[in-house]
Amino acid sequence: MVRAGGILKLAALIFAFLLAVFLAFQLLEINMDFKLSNVIAAKPVRHKCGLSKACPVGHFAFKMTSGAASVVGPRICLEDKLLMSGVKNNVGRGINIALVNGRTGELNRTQFYDMWAGEVAPLIKFLNEIEEGTVVMMASFDDPSTKLNDEARKLIADLGSTAISNLGFRDNWIFVGGKGIKTKSPFEQHIKNSADTNKFEGWPEVLEMEGCVPQRQD
C-alpha cells in the first residue's frame, strides 16, 4: 500500500514538472514576441519615390536621374509616380522635360527635344507656352546642348537654372524649376563632359538628385 508521504512526493514532482513546462512555454512565447517585434521595428520605412526621408506637408517629393551615356535614358519620379523613363518609352536624346501642375502635382505633359540632330525652334515654342506656376523638370540624355541657342538658354534660365549658360556637348544635367520663379532654383546638378573625369567613354557619370518641391499655394 502506497504511503501518504509517497503520494505527496509524487504529486509535488508532477506539479514541479508541469510548472517548469509552463514557465518554459511562457519564456519561449516572450522570446518569440520580442524577436518578432524586432523584425517589425527593423523594417525600413519607404518614402515616396524612394527618398531618404519624407517631405514636409505642402511639398512634392521628387527623385530624378540623368541619362547614362547614350544607353540608358533619364528617370523622373514625382510623388511616387514615374513620369518619364525608358520603361515608359517617353524619353529620348537631348533634353527631357516633364511639366507638373504646381498646385496639384498632377502631370501636365512630357516631351523630349533632340539637341544633336533636331532643331531648337520646337523647344523654344514649348518653353514659351509653359503656364505660370508650372513645375518644370528637365534631364539630359546623351547630348543636351549642341543645338541650344541664346534664346533657348535664356528661357531655361528664366525657369531658375544657373547651369544652362554653361551646358555643353554631352554634359550631364538635371534641373527642377518653375515658370514665374523669383529666385534661382536650388534643385540643379551639372557635370561637364571631360576626358579627364568621365566615367564612361565619352560621357560623364550619371547624376541623381532628390528633394521636396514647395507646393504652390496661391
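Helices and strands in this tour are DSSP runs, numbered from the N terminus. The model is a predicted one.

**The whole chain**

Begin with the complete protein chain, coloured by secondary structure. The chain contains three helices and nine strands, and from start to end these elements follow the pattern α-β-β-β-β-β-α-β-α-β-β-β. Of its 218 residues, 40% count as buried. Among the contacts that join residues at least 6 apart in sequence, 59% link residues at least 24 apart.

**The five-stranded sheet**

Next, select strands β4 to β8. They form an open sheet of five strands, ordered β5-β4-β6-β7-β8, with antiparallel pairing. At the edges are β5, residues 107-113, and β8, residues 187-191, each of which pairs on one side only. On average, neighbouring strands of this sheet are turned by 15° against each other, direction ignored.

Within this sheet, isolate residues 94-101, which make up β4. Strand β4 pairs with β5 in the antiparallel sense, over six bridges. To locate one of the positions concerned, display Ala98 and its bridge partner in β5, Thr110.

**The helix across the sheet**

Add residues 121-128, the helix α2. Helix α2 lies across three strands, namely β4, β5 and β6, the last of these being residues 134-141. Relative to β5, helix α2 runs at about 160°.

**Gly133**

Now move to the loop between α2 and β6, where Gly133 is found. Is Gly133 buried or exposed? Its relative accessibility is 13%, and because buried means under 20%, Gly133 counts as buried. Show the residues around Gly133: leaving aside those up to four places away in sequence, Gly133 touches Gly102, Lys179 and Arg216. A distance may also be drawn from Gly133 to Asn101; these residues are 32 apart along the chain, and their C-alpha atoms are separated by 7.2 Å.

**The four-stranded sheet**

Turn to the other sheet by selecting β1, β2, β3 and β9. These strands form an open sheet of four strands in the order β3-β2-β1-β9, with antiparallel pairing. Here the edge strands are β3, residues 81-84, and β9, each pairing on one side only. The twist averages 25° from one strand to the next.

For a detailed view, keep β1, residues 59-65, together with β9. The two strands pair in the antiparallel sense over seven bridges. Thr65 may be labelled here, along with Glu208, its bridge partner in β9.

**The largest pocket**

Finally, display the molecular surface and go to the largest pocket, which holds about 390 Å³ of space. Its lining consists of 20 residues, and those closest to the pocket centre are Val135, Gly177, Gly178, Ile181 and Pro214. Selecting these five residues brings the centre of the pocket into view.

Which strand supplies the largest share of the lining? That strand is β7, with three residues. To see the strand contributions together, colour β6, β7 (172-178) and β9 (208-214), each of which supplies at least two residues of the lining. Strand β6 belongs to the five-stranded sheet, as does β7, whereas β9 is an edge strand of the four-stranded sheet.

As a last step, colour the lining by residue class. Seven of the lining residues are nonpolar, nine are polar and four are charged.

How values were computed
Residues are numbered from 1 along each chain as its sequence is written. This is a predicted model: local features need pLDDT of at least 70, side-chain atom pairs count only at pLDDT 80 or more; totals for chains, interfaces and linings use all residues. Side-chain values use heavy atoms; hydrogens and water are left out. Two strands pair if DSSP finds at least two bridges between them. Axes are lines fitted to C-alpha atoms, for helices over the stretch in contact, and angles run from 0 to 180 degrees between N-to-C directions. Contact means heavy atoms within 4.5 Å. On a 1 Å grid over the protein atoms alone, a cavity is a set of points where a 1.4 Å probe fits but cannot get out, and a pocket is an open set with protein on both sides within 12 Å along at least five of seven lines; lining residues have an atom within 4 Å of a point. Grid points are joined across faces, edges and corners, and a volume is the space filled by probe spheres set on the points. Ala, Val, Leu, Ile, Met, Phe, Trp, Tyr, Cys and Pro count as nonpolar, Asp, Glu, Lys and Arg as charged, and the others, Gly among them, as polar. Buried means under 20% relative accessible area, exposed over 50%, partly exposed in between (1.4 Å probe, protein chains only).
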